[in-house]
Amino acid sequence: SLDDSPEQFAILDGFDTREGMARSQNNPELYKQYLSMFRDYIAQTIESLSAAMQTDDRDAIMSLTHSIKGITSIVGATAIAHALKVNTNQDLDSDDL
């Protein structure tokens, strides 16, 4: 179980926990809620994104990546948010999807 000190979040590899805490108004309980929402949301959304990619549903792909980018920014998963920003700014006609 995580305690309520801001330092507890330093263990989250790949997350800018200072950014996440700042977006959570430096409230550890709120940040924990955001992280829990992230965990639940990301698993569900990745499945939907995978299905959209299999059917080449580009509108759904754009919508889902935008949603993922938003929640990753909130919790401080900045590397993921940046990667999604770069990918969503590329032309969707690319065969790299």
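**Helix 3, the core and one aromatic pair**

Me: In this predicted model, which residue with a positive phi follows helix 3?
Reply: The phi in question is near 90 degrees. The residue that comes after helix 3 with this positive value is glycine 76.

Me: How far does helix 3 reach from its first C-alpha to its last?
Reply: Helix 3 has 18 residues. At 1.5 Å a residue, 26 Å is expected. The model's span is close to that, at 26 Å.

Me: What arc do the buried residues of helix 3 cover around the axis?
Reply: Buried here are Ile61, Leu64, Thr65, Ile68, Ile71, Thr72 and Val75. They sit on the same side of helix 3, because their arc is only 130 degrees.

Me: Which exposed residues does helix 3 carry on the face turned away from its buried side?
Reply: Exposed means over 50% relative accessible area. On the face of helix 3 turned away from the buried side, the exposed residues are Asp59 and His66.

Me: Which helix gives the largest share of the largest nonpolar core?
Reply: This core has 14 residues, with Tyr31, Phe38, Leu49, Ile68 and Val75 making the most contacts inside it. Helix 2 and helix 3 each supply at least two residues. The largest share is 6 residues, and it comes from helix 2.

Me: Is phenylalanine 38 buried or exposed?
Reply: Its relative accessible area is 11%. The cut-off for buried is under 20%. So phenylalanine 38 is buried.

Me: What is the geometry of the pair formed by phenylalanine 15 and phenylalanine 38?
Reply: The count is 1 aromatic pair. The ring centres are 5.7 Å apart and the planes stand at 85 degrees. Planes over 60 degrees apart count as edge-to-face, so this pair is edge-to-face.

How values were computed
Residues are numbered from 1 along each chain as its sequence is written. This is a predicted model: local features need pLDDT of at least 70, side-chain atom pairs count only at pLDDT 80 or more; totals for chains, interfaces and linings use all residues. Side-chain values use heavy atoms; hydrogens and water are left out. Rings of Phe, Tyr and Trp (its six-membered ring) pair if their centres lie within 6.5 Å; planes under 30 degrees apart count as stacked, over 60 as edge-to-face and the rest as tilted. Buried means under 20% relative accessible area, exposed over 50%, partly exposed in between (1.4 Å probe, protein chains only). A nonpolar core is a set of buried Ala, Val, Leu, Ile, Met, Phe, Trp, Tyr and Cys residues joined through side-chain atoms within 4.5 Å. Helices (H or I, at least four residues) and strands (E, at least two) are DSSP runs, numbered from the N terminus. The expected span of a helix is 1.5 Å times one less than its number of residues. The arc is that of the directions from the helix axis to the C-beta atoms.
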